[in-house]
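Open your viewer and get comfortable. We will go from one selection to the next and look at what is there.

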Amino acid sequence: MEMDRISFLPKAILHDILGRLPDKDAARTSVLSKSWSETWFSFPILSACSENFFSLARTLPIEHPLWLSKLDIFIGYVGKRLRRLCDQGLAVKELKLNLQYRLDRMHVSHHVDQWIQMAAENGVEVLELHLAASGCMDKWYNLPLCVAEAKTLTKLVLIGGIRLDPAFLKHSLKFFSMRTLSLSCILFGGEGIMEHFISHCPLIEHLTLEHLTLNFELYTFRTVWVKSLSLHGLQKLKGVDVKGIQEVYIDAPNLEDLSYRALATDGSFKLNLDSCTNLRCLSLCHLMSPDKWLLELLYKTPFLESLMLHNCCSSERINISGPQLKFFTLSHFYDNLKEVNIDAPNLLSCDYMGIDKPVISFQRISDQLEVNAHMHINHRHISRLREFFQNIKPQKVLASLSLFIFEPLSITESLGILRISSSPPSIKCVELCVLWDNEAPYFPFMNWLLSSCFPESISFSLRSYFKMKAFIVYFYEMLMGSKKGKCDCCSRSFKCWWHGLKVVKVTYLGRTYENVEDLKAMLDALPEFDAEEFITFGLEL
Amino acid sequence: MELLCIRQWISGLLPTVKKWLSAWCIKPVGGALVRQEPEYILLALMGSPLKKIMLCSSEKEIFSVEEQVMVQHSVIINNMIEDGSYNHEESKIPLDCVDSKTLKKVIDYCTHHTHHHNDNQEDLEAWDAQFLNVDSNGLYDLLMAANYLEIRNLLDLIYGTIKNMIKGKKIDEIRRIFNIKDHGFTPEEEEQNRKEYPHFY
C-alpha cells in the first residue's frame, strides 16, 4: 500500500516545488490536506493576481454584490497569508500583486497599504505591484512611504496607476540591496523623484523606465512626460530599458544591455552613450533618422554582439558594421529602404522583417550565417519578392522565409514563371500565413512560390488555424497529386518541383507521419491546437 | 599470483618506477605514490589515471565512481574535494541518508550525463524519461538524495515530474495521485474551502 510521502517532504523542497508551479496551481495545493495547508501558509512567496483569482465579466458594474463578495474573498486571502507568515516570524520574501480593478472606489487601497507595510517590515526581497491605470490621475494609488525603509528589497517593480509622492524626496531611501528597479507608467508627484530613487540604489544592475509622467499640477490633467534621464556613477549597472524619454545620458562603463524606444509621436531623440564601450546588446525602436549617429556608435562599441533596429526611419541605405556582431534584426515598414550593407564577419543570424524588399549584401560572412526573412506581401509587392530572394548575396545564406499574405494574390503570367533565369535558391524553411478562403488563386500562388525557391519544409502556424485550414488541406492534396493544375515544367531545363517531389512528411508536435491519406480527417481528429505550435510539411525533391 | 605477491613485486619495482615516472613528469606527491594501491600505479603506468572516489551508502555498501563525474554534478562532493576534507587514500564519503539502491541510481545518472553530454537533446531527454520510470517511493528517495547532494539538474528533472502531477489537475485527482487518504480538515473546514475557492476544485 503506497503511503503519502510527498506531503511530508522537507518544507524547503515543497517550497521549491510551489515556486515552480504557476500561481493558480500552487494556490490550489493549500486545500489538498492539512499539512499542505501548513506548507502553503509558510510559503514566503505571495503572488496574487485578481484576474486569476476571480474572473468576472467586465460588464458587471463595480457595485454588483457578486463582485464585492469576490473582492472581499481576495482581500481576505491575501491578508490571511501575510498575517500567517508574520505570526510565524517568517520573512515575506516576495509580494507580487496584480490588481486590475480600480482601487479608489472600493477602499481597497488601505488594505494594500497594510500589506505593503507588513511585507516591508518582514524582510521583503521582491515587491511587485501592478495596478490598472485610471484616466483620472488624482485617483491613482499613492505608494506608502514605508517602502523607503525596506532595507532587504532587491527588486522593486511598479506598473500602472501608481503615484510617487514628493514626500519621498525628504526620505533617505534605504535601497542598499536594490538590484532591479522597474517603473512603468508611473506618475511622479514632482520633479526629481525619479533621480532621487535611482541615486539611492548604488548596487543597481537592471533599470527599466517606461512611459513615466510628471504631473505636479493636479487639476490640469495634462500629460507631461518625463523628458530627460541622466545616469552616472552606477558602477554595477548592466542593463537599461528606457521607453518614451527623449534625452538620455548614460555614463556606465559596465553597461552591457541597452534597449531604447523614442517617444512615439516624433521619434526625436538624444542618446549619449559615449562611455558605454562594453555594450553587448543594443535594441533601438522608433528612432528618427539615426544613421549617422548609429554608425558612430557602432564604431565606439566594438564588442557589440546583438543589434536590433525596429522601425527606425532611415534613408534608403542602412550600413551596419561590427567585428563581434553575431545577431542582427531589422524591421522596417516605411517602404523606402533600398539597400542594406552588412560588414560583420562573425554574424550568425540576420533577421529581416518588413514590407520593403531591399538588396541585402554582406561584405564578409561566416559559414554559419543564416538569414531569415519575414515579409508581408500584397499584390503590389509580389513581383519584387523573387528579386529579393535572388538579391541576397551570397545565395546560400537565406535560411528561412515567413510570408504573411492577407489578400488573395492574382498571379498572372506576366509575373513570369517563364522569367526565371537561374536555379531557384534552396531554403530550409518557409512559413506561410495565408488568410484567404477563395480557392482559385491557391494553385497559381503555390506554383509560383515553389518555382521561386526550393524549401525543405513548409510550416503553418496554428495561430490562424481556422482561417488557414482550407488552404493547408488544399495544399497537401495538391502536393500528393490529387488536385492537378497546369505546370509549365516542360518549358524549362531545370528541376520542376511538381515532378521532382518525392516524399511529403507531416510533422506536428514532434511526431512525423508519412503517407497521410486524408489530411483533413487527421487534423480534425487531433486534440486542441496550441497556438504556439506549427504543422510542417517536410518536402524531399 | 596472489595479490600480496603482486604488491611485493611492485613495491620492489618502486624505486625504478619512481625514477621513470619523474622522467615522464609525473611527480609523486609527498610520498603518496609509495603508499598508493597497486591499481593506481598500474594505471599511472598505463598513462590514464582515472581518479576514483568511494561513496558509502547508509547500508554500508561502498560504490567506486570517477571523481570527475561526481564533482561535475554534486555541489556537496565538489566542495568536499576542493577544500581538501576528502583524503583520497583512506577515506570514503559516508552518505548516511542515501540507501544503496538510490545511490546506485544517482551514480548512474551522473555518469551517463558526464559521458553523454554531447548527445543531442532528444536522446538525453528520452534517457531521462526512462531513468525516472520508477515508483513514487523511488522518486522521492531520488529527490531527497539529489537535494542532499545538491545535484541541480537531477533536482530540476524530478521537480518537473512532480510539477506535472499537480499542474492542471483537480483537487480530488491530486489527492489520488499523492495517496492522500485523510486530508485532515474538519468537515466544516472542507466545506468552507469549497465555498470560498470553488475554482480550485
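How many helices and strands are there in chain B? Select chain B and you will find 11 helices and 3 strands; helices (H or I, at least four residues) and strands (E, at least two) are DSSP runs, numbered from the N terminus. Before going on, please note that this is a predicted model, in which local features need pLDDT of at least 70 and side-chain atom pairs count only at pLDDT 80 or more, while totals for chains, interfaces and linings use all residues. Residues are numbered from 1 along each chain as its sequence is written, chains are lettered from A and ligands numbered from 1 in the order in which they are written, and side-chain values use heavy atoms, with hydrogens and water left out.

**Stop one: chain B as a whole**

Colour chain B by secondary structure and follow the pattern α-α-α-β-β-α-α-β-α-α-α-α-α-α along the sequence. Of its 201 residues, 34% are buried (buried means under 20% relative accessible area, exposed over 50%, partly exposed in between, with a 1.4 Å probe and protein chains only). Turn on the surface: chain B exposes about 12400 Å², and carbon and sulfur atoms supply 54% of that area (Shrake-Rupley method, 1.4 Å probe; for residues, only the protein chains shown count as cover).

**Stop two: the sheet in chain B**

Next, select the 3 strands of chain B, which form an open sheet in the order E2-E1-E3 with mixed pairing (two strands pair if DSSP finds at least two bridges between them). Strand E2 (62-66) and strand E3 (93-94) of chain B are the edges, each pairing on one side only. Strand E1 (residues 52-56) of chain B runs parallel to E3(B), with 2 bridges between them. Zoom in on Leu55(B) and you will see it opposite Ile93(B) in E3(B).

Now add helix H6 (residues 100-115) of chain B, which lies across E1 and E2 of chain B and runs at about 10 degrees to E2(B). The axes here are lines fitted to C-alpha atoms, for helices over the stretch in contact (heavy atoms within 4.5 Å), and angles run from 0 to 180 degrees between N-to-C directions.

While in chain B, show Lys105(B): its charged end sits over the ring of Phe131(B), 4.5 Å from the ring centre. For this, NZ of Lys or CZ of Arg must be within 6 Å of the ring centre and within 35 degrees of the ring normal. Chain A offers another example, with the charged end of Arg84(A) over the ring of Phe41(A), 4.3 Å from its centre.

**Stop three: aromatic rings in chain A**

Which residues do ring pairs link into a cluster? Select Phe460(A), Phe471(A), Phe475(A), Tyr476(A) and Phe537(A). Rings of Phe, Tyr and Trp (its six-membered ring) pair if their centres lie within 6.5 Å; planes under 30 degrees apart count as stacked, over 60 as edge-to-face and the rest as tilted. The whole structure holds 15 aromatic pairs over all chains. In one of them, Phe475(A) and Phe537(A), the ring centres are 5.7 Å apart and the planes meet at 35 degrees, so the pair is tilted. Phe475(A) belongs to helix H11 (residues 465-479) and Phe537(A) to strand E29 (residues 534-540) of chain A, so the pair ties together parts 62 residues apart in sequence.

**Last stop: a lysine in a loop**

Finally, select Lys357(A), in the loop between strand E21 (349-354) and strand E22 (359-362) of chain A. Is Lys357(A) buried or exposed? Its relative accessibility is 9%, so Lys357(A) counts as buried.
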